[in-house]
Amino acid sequence: PVVLGPAQPPHEIPDPSKRRFIKQATRIEWPDAVLDKLLPVANWAQENIYNSMKETLFGMTLRRADRIVVVNQETADLYANYVNRSKIEVIPYGVVFDRFIQGDPSESTDLVAIGSLFERKGFDLLIEAWAEIAEEYPGATVHIYGDGPQRDVFESLARDLGVDDSLIFHGNVEHSVIRDALANARAFVHPSRSKGFPHVRLEAMASSCPVIASNVWGTN
């Protein structure tokens with residue numbers, strides 16, 4: 001028997017990633033004005049050529065499986081377009097509650113965000129939003145845990161918007177630090193542009209930490 005899983009919904013590819021791909025594929029540092037004109041061509045190619053080929057192969061793979069395990073109902077609905085629904089089993093991810101501390105965030109002024117630092121995670125959206133409201137909460141601090149290729153970009157954005165003193169990048173840390181941060185935070189912020197199944201949101205909820213999150217496919 002062949003079992004596939006745990007399967008998640010597909011991720012959206014943000015435009016900055018597509019621009020970077022064009023530069024890497026052509027080995028040319030195109031100016032932004034040219035990339036803006038090339039982007040619609042890349043989108044057309046993705047929709048009409050790449051996605052068509054990918055979905056054909058994807059469907060062949062799914063049909064060869066005897067059982068497909070998916071992480072949520074949205075994924076089950078998607079995969080039912082390729083295979084009989086009877087082959088699909090929904091088994092969501094979970095967390096072990098005993099590993100987390102159920103805190104009381106009512107007195108805290110800290111916000112926590114966690115994830116790899118690249119475009120799809122949406123940390124630029126968080127920084128821009130914080131720049132609009134930080135002055136209303138002078139004692140509050142945003143703590144970002146995680147590292148990645150866009151860290152310098154996000155740190156520069158925070159400086160440019162004048163919130164670098166109330167927005168701290170901690171980099172990669174031990175999971176025990178994450179558990180303590182979630183237990184003591186006023187809220188967990190998850191601004192991702194695309195997500196298959198956000199396990200970190202479960203960890204926040206297991207810590208009794210309120211969740212402020214983007215409404216994207218794969219998270220409901």
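Two strands count as paired if DSSP finds at least two bridges between them. The model analysed here is predicted.

By that criterion, five strands form an open sheet. Their order is β6-β5-β4-β7-β8, and the pairing is parallel. The edges are taken by β6 (167-171) and β8 (211-213), each of which pairs on one side only. From one strand to the next, the twist averages 25°. At the β6 edge, the neighbour is strand β5 (residues 141-145). These two strands pair in the parallel sense over four bridges. Within this pairing, Tyr145 has Gly171 of β6 as its bridge partner.

An open sheet of three strands is also present, in the order β1-β2-β3. Its pairing is parallel. Here β1 (3-7) and β3 (88-90) stand at the edges. Each has a single partner strand, so one side of each is left without a neighbour in the sheet. The twist averages 20° from one strand to the next. Strand β2 (residues 67-70) pairs with β1 over three bridges, in the parallel sense. Ala7 has Val70 in β2 as its bridge partner.

Aromatic contacts were examined next. A search of the whole structure finds three aromatic pairs. One of them joins Phe58 and Tyr79. The ring centres of Phe58 and Tyr79 lie 5.2 Å apart, with the planes at 80°. Planes over 60 degrees apart count as edge-to-face, so the Phe58–Tyr79 pair is assigned to that class. Phe58 belongs to helix α2, whereas Tyr79 belongs to helix α3 (residues 73-79). The pair therefore ties together parts that are 21 residues apart in sequence. Ring pairs link Phe58, Tyr79 and Tyr82 into a cluster.

The two helix residues of this pair fall into separate accessibility classes. Buried means under 20% relative accessible area. Tyr79, at 7%, therefore counts as buried. Phe58 has a relative accessibility of 28% and counts as partly exposed.

Helix α2 (residues 32-64) also holds Met53. The relative accessible area of Met53 is 54%. The cut-off for exposed is over 50%, so Met53 is classed as exposed. Met53 joins Trp44 and Ile49 in a nonpolar patch on the surface. Together, Trp44, Ile49 and Met53 have about 350 Å² of accessible area.

Terms used:
Residues numbered from 1 in each chain as written. Predicted model: local features only at pLDDT ≥ 70, side-chain atom pairs only at ≥ 80, totals over all residues. Heavy atoms only, no water. Patch = residues over 30% accessible without salt bridge, like charges linked within 9 Å, V, L, I, M, F, W, Y side chains within 5 Å. Areas by Shrake-Rupley, 256 points an atom, 1.4 Å probe, with all protein chains shown as cover. Salt bridge = Lys/Arg side-chain N within 4 Å of Asp/Glu carboxyl O. Buried < 20%, exposed > 50% of the residue type's maximum accessible area, 1.4 Å probe, protein only. Phe/Tyr/Trp six-rings, centres within 6.5 Å; stacked < 30°, edge-to-face > 60°. Axes fitted to C-alpha atoms, helices over the stretch in contact; angles between N-to-C directions.
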